[in-house]
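Biologist: Please take me on a close tour of one part of this model, with the cut-offs spelled out as you go. I would like to see how that part is put together, residue by residue.

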Amino acid sequence: MAGRAVALNPLDEALQELLIRSLARSGDRAAAEEQLKRCERLLAESLGTSPSPALRAAVDDVPHSRRA
């Protein structure tokens, strides 16, 4: 669902963060990192901005049980 929301509104950082956080929490860090890279390019090209620190930190949002 987060992927669908991002497809409808790709410039919404809150939706991007939700998608990246969901990918990271599911254990697919590579996909989370790739989505962050896509988002960085999109924001730079479309708005001339960078992702917020919260959006960048979403890649590292891994449940405690998976960190061990």
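Modeller: Happily; what follows starts with the whole chain and then settles on the packing of helix H2 against helix H3.

This is a predicted model, in which local features need pLDDT of at least 70 and side-chain atom pairs count only at pLDDT 80 or more, while totals for chains, interfaces and linings use all residues. Residues are numbered from 1 along each chain as its sequence is written, and side-chain values use heavy atoms, with hydrogens and water left out.

The protein chain has five helices and zero strands; these are DSSP runs numbered from the N terminus, with helices being H or I of at least four residues and strands E of at least two. Its radius of gyration is 12 Å, close to the 11 Å that the globule rule gives for 68 residues, so the chain is as compact as a globular protein of that length. That radius is taken over C-alpha atoms, and the rule is 2.2 Å times the number of residues to the power 0.38. Along its principal axes, the C-alpha trace spans about 40 × 25 × 15 Å.

Now to the helix pair. Two packed helices are described by the angle between their axes and the distance between the axes. For H2 (residues 13-25) and H3 (residues 29-47), the axes come within 7 Å and cross at roughly 160°. Axes here are lines fitted to C-alpha atoms, for helices over the stretch in contact, and angles run from 0 to 180 degrees between N-to-C directions. That crossing makes H2 roughly antiparallel to H3, a label for angles over 145 degrees.

Contact means heavy atoms within 4.5 Å. On the H2 side, the contact is made by Glu-13, Gln-16, Leu-19, Ile-20, Leu-23 and Ala-24. H3 contributes Arg-29, Ala-31, Ala-32, Gln-35, Leu-36, Cys-39, Leu-42 and Leu-43. These residues divide into ten nonpolar, two polar and two charged.

Gln-35, in helix H3, deserves a pause. Gln-35 is buried, with a relative accessible area of 8%, where buried means under 20% (1.4 Å probe, protein chains only). Leaving aside neighbours within four places in sequence, Gln-35 is in contact with Val-6, Gln-16, Leu-19, Ile-20 and Leu-23. Of the 68 residues of the protein chain, 26% count as buried.

Technical notes. Angles under 35 degrees count as roughly parallel, over 145 as roughly antiparallel, 65 to 115 as roughly perpendicular and the rest as oblique. Ala, Val, Leu, Ile, Met, Phe, Trp, Tyr, Cys and Pro count as nonpolar, Asp, Glu, Lys and Arg as charged, and the others, Gly among them, as polar. Buried means under 20% relative accessible area, exposed over 50%, partly exposed in between (1.4 Å probe, protein chains only).
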